[in-house]
Amino acid sequence: MRLYNTKSRKIEEFKPRVEGKVSMYTCGPTVYHFAHIGNLRSYICEDVLVKSLRYAGYDVKRVMNITDVGHLTSDADTGEDKMLKGAKREHKTVLEIADFYTKAFFKDFTDLGNAMPDVVEPATHCIPEFIHMIEVLLEKGYAYKAGENVYFDTSKLENYYVFSNGSVEEDDLMVGVRDDVDEDTNKRNKSDFVLWFTKSKFDDQELKWESPWGYGYPGWHIECSCISIKHLGEYMDIHCGGVDNIFPHHTNEVAQSESYLGHPWCNYWFHVHHLIDRNGKMSKSAGDFVTVSTLKEKGYDPLVYRFFCLQSHYRKPLEFSYDVLDNQVKAFDKLIKRIAALSDDGDVDSAVFDEFRKRFEDAVTDDCNTSMALTVVYDALKAETNDATKKALIASFDEVLSLDLLKKAEESKKDASSGEDEETVRFVTEKIEERKAAKKAKDFAKADAIRQELLDKGIVIEDTREGVKWHRA
Ligand SMILES: [Zn+2]
């Protein structure tokens with residue numbers, strides 16, 4: 001596996017600490033709102049990384065946290081707790097918000113073809129571990145108490161900005177120390193960050209725990225250091241996240257973890273670039289963001305979004321628009337139809353199978369070159385070999401791609417609508433969604449009217465356990 005490492009700013013030959021085994025940590029979501037498809041691009045690319053490593057024979061253990069406390073509206077220590085903001089917005093408790101959005105996140109996550117991490121740990125389950133780690137940092141002199149919060153003292157480190165001069169823009173580096181954010185006068189150094197909030201302006205913080213420093217709650221960064229060490233031990237192979245996590249979040253994680261452990265901690269840092277749209281980076285603060293539900297409501301299969309993400313490299317920004325997605329729908333349908341046309345004839349030709357499997361593995365282990373991997377898929381379909389071999393290859397590739405290729409091909413054969421043109425499919429899908437919404441709102445008259453409207457056009461819809469199906473009358 002060749003992998004770009006944000007730490008060295010180079011593509012390196014990946015060597016795990018223990019031969020054949022990979023320990024990997026992913027920063028999970030802050031569960032105060034739906035994840036947008038930009039956040040989810042990171043999780044798709046990380047899923048491809050895990051599956052590529054497994055394809056190459058590694059035994060991977062992947063851990064992910066759930067941030068359900070401590071992440072403030074700025075990634076530095078200013079603003080409001082995001083969870084509290086979500087709870088206020090929806091007039092619910094923080095725990096209700098956390099529960100709802102954790103479930104929503106994993107629904108979107110799995111709908112996009114991602115495999116569940118081996119361990120998922122909510123931050124609120126690890127309070128004693130956070131307290132222990134902070135106590136050790138205080139004992140070792142890396143932390144101090146001021147204004148009743150506990151801070152990490154970044155001046156104790158020879159090199160705090162471990163990722164600087166890399167993909168971190170100077171502006172990003174400065175975001176935590178800008179003058180226009182609320183200046184925390186208790187800090188010794190501008191770049192110091194909170195390990196434990198006790199005295200804070202957030203009197204209405206719902207989640208508080210007893211600690212040696214009084215009732216309070218953990219900072220965001222300590223959560224990831226602690227949860228990763230708890231499940232993966234003192235050393236880790238790969239830490240993943242979006243590029244916007246590099247600073248301050250991952251920089252602070254390295255500071256805490258290595259000061260606590262007393263030795264280097266994580267060898268490889270994998271960062272996924274932003275999803276952008278015409279207005280720039282997609283973000284929740286910008287207000288208008290696209291979720292998996294938005295895509296589904298518009299009739300898009302979430303796996304088409306995954307297919308779209310696989311066309312580009314994870315270290316490049318990816319521009320999203322519905323026009324681009326429509327083209328992806330066409331390309332994906334075409335691919336599925338080609339696979340559906342394969343017969344079961346012949347025996348698998350192992351020489352051809354091995355050759356293409358190797359080409360595919362070479363692509364995905366070359367710093368996750370997914371667009372090259374897709375080229376191998378098309379080349380395999382064109383190869384001079386029997387259909388059984390092609391089908392076996394598609395099944396093998398899909399261990400990494402996770403596009404449900406064979407399943408969708410089978411469905412498309414059964415689906416009477418598969419011969420329909422794009423426009424009809426889109427029209428009927430929209431009508432079915434409209435009818436679903438009407439039924440949900442108990443507007444049965446409207447739901448019946450939509451059924452009749454379709455019937456007048458010669459289209460019959462049926463409610464089945466697998467959802468709504470349709471065919472020509
Ligand atoms: Zn994290």
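This report walks through a zinc site and a few unusual backbone spots in a predicted model.

Let's start with the metal. Four side chains hold the zinc ion: Cys27 and Cys224 through SG, His249 through NE2 and Glu253 through OE, at 2.0 to 2.8 Å. Along the chain, these donors are spaced as C-x196-C-x24-H-x3-E. The angles among the 4 donor atoms run from 72 to 132°, and the site is irregular. That label applies because tetrahedral would need all angles between 85 and 135 degrees, and the range here starts at 72°.

Two of the donors, histidine 249 and glutamate 253, share helix H7, where they sit 4 residues apart, or about one turn of the helix. Both of these residues are buried.

Helix H7 spans residues 246-261 and also contains proline 248. The peptide bond between phenylalanine 247 and proline 248 is cis, with omega at about 0°.

Now for the backbone phi values. Most residues other than glycine have a negative phi, and most peptide bonds are trans. Two residues here go the other way on phi:

| Residue | Phi | Loop between | Relative accessibility |
|---|---|---|---|
| Histidine 91 | near 50° | helix H2 (82-90) and helix H3 (94-111) | 76% |
| Aspartate 367 | near 50° | helix H11 (350-364) and helix H12 (370-382) | 1% |

Buried or exposed: which is histidine 91? Histidine 91 counts as exposed, because its relative accessibility is 76% and the cut-off for exposed is over 50%. Aspartate 367, at 1%, counts as buried, since that label covers anything under 20%.

How values were computed: Residues numbered from 1 in each chain as written. Predicted model: local features only at pLDDT ≥ 70, side-chain atom pairs only at ≥ 80, totals over all residues. Heavy atoms only, no water. Buried < 20%, exposed > 50% of the residue type's maximum accessible area, 1.4 Å probe, protein only. Donors = N, O, S within 2.8 Å, 3.2 Å for Na, K, Ca; no water. Tetrahedral: all angles 85-135°; square planar, octahedral: opposite > 155°, others 65-115°.
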